[in-house]
Amino acid sequence: LLVSFLAGTRAAVPVEAAGSCEALASLTLPGATITLAEAVPGGGFTQSGAGTQSAARNLPAFCRVAATLRPSRDSEIKMEVWMPASNWNGKFQAVGNGAFNGTISYPAMMTALARGYATSSTDTGHTGAGASFALGHPEKVIDFGWRAVHETAVASKKIIAGYYDGGPRLSYWN
């Protein structure tokens, strides 16, 4: 009994990528279009904004995949998933963006990636910080309310499995 307990609690061995990042551009996902699949060298990510430049210098090499999800005719959900090129901890952490903030949450993704997680974020189907996107667009309200986060998680797990030859052993929402 003690042996099986110890075997179940030991740290996971870091996982290495099984394939090329660029090959993910041809991955077929229902209702989704991959718009970018690129290998980013360690410290090579650039995104303007407060605090992102210094944080980006400390990032490990990773595979960056961007996609547009269209679960309805009025949906246009942008998302990104980042996966460590080496030493993946076997876990997935999706990150939120708060309130009506329609942006990919790069700072939160940087934190998760630096800790060894595969990570994703979504703009929840709109851009900007207001709710004007919702007027006359009931499907976009559904996207914002729950569907964008769900669809991003589903697509992210498929992309992660395609990159590492297996999905995450644990998944988190932050």
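Which residue in strand 2 is the bridge partner of Val 40? I looked this up in what is a predicted model, and I found that Val 40 has Phe 62 as its bridge partner in strand 2.

**Entry 1: the chain as a whole**

I began by listing the elements, and the chain turned out to hold four helices and six strands. Following the sequence from its start, I wrote down the pattern α-β-α-β-β-β-α-β-α-β. The chain has 174 residues, and 40% of them count as buried. For the accessible surface I noted a value of about 8900 Å², with 58% of this surface belonging to carbon and sulfur atoms. I also looked at contacts between residues with a separation of 6 or more, and 71% of these are made by residues 24 or more positions apart.

**Entry 2: the sheet**

Next I traced the strands and found an open sheet of six, in the order 1-2-3-5-4-6 and with mixed pairing. I then looked at the edges, where strand 1 (32-40) and strand 6 (170-173) stand; each has a single partner strand, so one side of each is left without a neighbour in the sheet. On average, and with direction ignored, neighbouring strands of this sheet are turned by 15 degrees against each other.

As a reminder to myself, strands of a sheet pair through backbone hydrogen bonds, and they may do so in parallel or antiparallel fashion. Here strand 1 and strand 2 run antiparallel, and eight bridges join them.

**Entry 3: helices against the sheet**

I turned to helix 3 (residues 106-114), which packs on the sheet and touches strand 2, strand 3, strand 4 (91-94) and strand 5 (118-122). The direction of helix 3 makes about 20 degrees with that of strand 3. Helix 4 (residues 138-164) lies across strand 1, strand 2, strand 3, strand 4, strand 5 and strand 6, and I noted that it runs at about 35 degrees to strand 3.

**Entry 4: salt bridges**

How many salt bridges does a search of the whole structure find? The search gives five, and I followed up some of them.

In one of them Arg 64 is joined to Glu 80, with 2.8 Å between the closest N and O atoms. Arg 64 lies in strand 2 (residues 62-69) and Glu 80 in strand 3 (residues 77-84), so this pair ties together parts that are 16 residues apart in sequence. I checked whether the two residues are buried or exposed, and both Arg 64 and Glu 80 are buried. I then found that Arg 64 and Glu 80 belong to a network of salt bridges that also links Glu 38.

Another salt bridge joins the side chains of Glu 76 and Lys 78, at 3.1 Å from N to O. Glu 76 has 36% relative accessibility and therefore counts as partly exposed, and Lys 78 counts as partly exposed too, because its value is 32%.

I also looked up Arg 147, which forms a salt bridge with Glu 139 whose closest N and O atoms are 2.6 Å apart. Arg 147 counts as buried at 11% relative accessibility, whereas Glu 139, at 28%, counts as partly exposed.

**Entry 5: aromatic rings**

The structure holds eleven aromatic pairs, and I chose one of them to follow. The rings of Trp 82 and Tyr 106 have centres 5.8 Å apart and planes at 25 degrees, so I recorded the pair as stacked. Since Trp 82 lies in strand 3 and Tyr 106 in helix 3, the pair ties together parts that are 24 residues apart in sequence. Trp 82 is buried, with a relative accessible area of 0%, and Tyr 106 is buried with a relative accessible area of 12%. I then found that Trp 82 and Tyr 106 form one aromatic cluster with Phe 45 and Phe 62.

**Entry 6: Gly 42 and back to Phe 62**

Where is Gly 42 found? It sits in the loop between strand 1 and helix 2 (52-57). Leaving aside the neighbours within four places in sequence, I listed Leu 59, Pro 60 and Ala 61 as the residues in contact with Gly 42. From Gly 42 to Phe 62 I counted 20 residues in sequence, while their C-alpha atoms are 7.2 Å apart in space. This brings me back to my opening question, where Phe 62 was the bridge partner of Val 40.

How values were computed
Residues are numbered from 1 along each chain as its sequence is written. This is a predicted model: local features need pLDDT of at least 70, side-chain atom pairs count only at pLDDT 80 or more; totals for chains, interfaces and linings use all residues. Side-chain values use heavy atoms; hydrogens and water are left out. A salt bridge is a side-chain nitrogen of Lys or Arg within 4 Å of a carboxyl oxygen of Asp or Glu. Helices (H or I, at least four residues) and strands (E, at least two) are DSSP runs, numbered from the N terminus. Buried means under 20% relative accessible area, exposed over 50%, partly exposed in between (1.4 Å probe, protein chains only). Two strands pair if DSSP finds at least two bridges between them. Axes are lines fitted to C-alpha atoms, for helices over the stretch in contact, and angles run from 0 to 180 degrees between N-to-C directions. Contact means heavy atoms within 4.5 Å. Accessible areas come from the Shrake-Rupley method with a 1.4 Å probe; for residues, only the protein chains shown count as cover. Rings of Phe, Tyr and Trp (its six-membered ring) pair if their centres lie within 6.5 Å; planes under 30 degrees apart count as stacked, over 60 as edge-to-face and the rest as tilted.
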